[in-house]
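Work through the exercises below with the sequence and the model open side by side. Each task is followed by a solution in steps.

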Amino acid sequence: MHLPERPRLNAIAGPIFGEFLLGYTVIIAGLWLASHTSDGAAGSLGLANQVLETLYVVFRVLAIGMGVVITQLLGGQQVEQVRRTALAGLGACTWAGLLVVGVLVLANDWILDLLNAPDEILPLVSPYLQLLAPAALLDGYNLTMASILRAHLHARDSLKVMVVMHCTHLALAVPLMLGFGPWEGLGLYGFAVALVISRAVGLGLHLVLWRKRMALVPTARHWWVLQWRVLGPVLRIGVPGASAELGYRAAFMVSLAGAARLGVVALATHAYTLQLLRYVLLISLAIGWACEIMVGRLVGGGQFNQAHALVRKGLRNGLMASGGMAVVAALAAPWLMHIFTKDPHVIHAAQTLLWIAVALETGRAFNLIITGALRATGDVIYPVAASLGSFALVLGCGSYFLGRNFGLPGIFIAYAADEWVRGLLMWSRWHWHGWLPHARNSQRRVRRR
C-alpha cells in the first residue's frame, strides 16, 4: 500500500501559528480599543470572550472529530468517505450553531449572573453577547471548514482565509468602535458588528477554497440535513474531546467568577494577563494542532513508530518555546501592560501573574501537544478520564479556595498546578505506549470503510 506523504512538522505548524497569531492580535486590538473607553469595557470584552469560548465547545465537537476522522481516512486513502464526511459536517454545524445562538440570545443574563459579573458592566456586556449571536453561527462553519482544509494539508490556504477575515474585522472595528468625523461610533458594540461581517467574508472564502482545492460543492440539503451514519465516527472522536474541554471551561468559569468577585480592576487585570499569555501558548498550540493532523495521517497509514517520534520531537520544541516566551513576557510586563493600562497597581499585579505563568505555560505544552496526538490515534477516553478529576479538584476547587485567600496569584497557582497534573498524566500515557492498541483499532476501522 502506498503510504501517505509525511510533510515536515514546521510546514504544517507554521501556517497554523500564523492563523492563531493574527486571530489573537485582533482580540488584543479589540481589548486595547475597549480599554481606552474604560476598564469596565475591557472587563466586559474579556468576560464575553470567555463565555464564547465556553459555548464554542459545541463547535469543537465537530472540528475535533472532523479533523481526526478525515486525517485518518486520508492516510488510508478513503477518498469518497472523506468527501461524504466533510459535507455532512455542514448540516451538523447549522444545528450546533442554532443551539449556541439560542443560548446567547435567551440565557445570557443567567450566565452573567452565574459568573458574578459586576453590576457596573452588566448593562454593557449583556447586549454585547446578544449581538455576537449571528457571528457564533458563522464561526461554527468557519472552524469546521478550516479544520477540514488543514486535514487535507492546505494549511497555507486556511491561513490566507484567516488573514482576509481578521484584517476585515480589524479594519471595520476601528471606525465602528471609535467613530469617524462627527459620528462617535458604537463603542464596544462596534467590535461585535465588525465580527459578524468578517465571519461572513470568511465563510464565502472557505466555500471558494473547498470547491477549488478539494472539489467539494455543498448543495442546499447539506446545510441542514443531519447524516447520523456518516457523523457517527466524528462524534465518537469529537464528543469525548469536547467533553474534556467543557469540563475545563466549567472549572475555568469557577476561577473567572472568583476573579469577578475581587472587583472590576481585578477582572480587568485577569483579562489583560490572559490576553498576553495567548501569545505565549501560540507555538505550543500550533505544534499541537500540526502533530494531531500528522499523527492522524500516520495512524491511518500504519506508521506508528514515526508517529511516536514525531510527538516526542513536538513536545521538546513546545516546552523550549513556551518556557522561553513565558520568561520574556514576565520580564517585559512593565512595558507590555502599558498597551492596556497606565495604572501601576494593575501593571505590578499582572507582572506577578506572568511570573507564575512560567510554570503554567510549560505545563500547558504537555496538554496542547500530547492530548491532540492521543486523540488522533483514537485514544479518546483516557484524556477525558485523566483530566476530569484535575479540573474539579485542582482547577475548580483550587482556584476557588486559593483565590479567596491569595487573590489573583492564588488563582494562577491553581491554573499552573492543574496543567502540570494533567500534563504528566498525558505524557505517561504516550511514553508507555498506552495509545498503541487504539491506533491499531483506528487503522482497522479505516480499512473497513
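Helices here are DSSP runs of H or I with at least four residues, numbered from the N terminus. The model is predicted, so local features need pLDDT of at least 70 and side-chain atom pairs count only at pLDDT 80 or more, whereas totals for chains, interfaces and linings use all residues. Residues are numbered from 1 along each chain as its sequence is written, and side-chain values use heavy atoms, without hydrogens and water.

**Exercise 1.** Describe the course of helix α11 and establish whether α11 is enclosed or open.

Step 1: α11 covers residues 264–300, and its 37 residues reach 50 Å from first to last C-alpha, close to the expected 54 Å (1.5 Å times one less than the number of residues).

Step 2: At L281, α11 bends by about 45°, the angle between axes fitted to the seven residues ending there and the seven starting there.

Step 3: Because 33 of its 37 residues are buried, α11 is largely enclosed by the rest of the structure; buried means under 20% relative accessible area with a 1.4 Å probe, protein chains only.

Step 4: After α11 comes G302, with a positive phi near 80°.

**Exercise 2.** Find which helix gives the most residues to the lining of the second largest cavity.

Step 1: A cavity is a set of points on a 1 Å grid over the protein atoms alone where a 1.4 Å probe fits but cannot get out, and lining residues have an atom within 4 Å of a point.

Step 2: Among the 13 lining residues, A63, G67, S147, W289 and E292 are closest to the centre.

Step 3: α3 (57–75), α7 (133–151) and α11 each supply at least two lining residues, and α3 gives the most, with six.

Technical notes
Buried means under 20% relative accessible area, exposed over 50%, partly exposed in between (1.4 Å probe, protein chains only). On a 1 Å grid over the protein atoms alone, a cavity is a set of points where a 1.4 Å probe fits but cannot get out, and a pocket is an open set with protein on both sides within 12 Å along at least five of seven lines; lining residues have an atom within 4 Å of a point.
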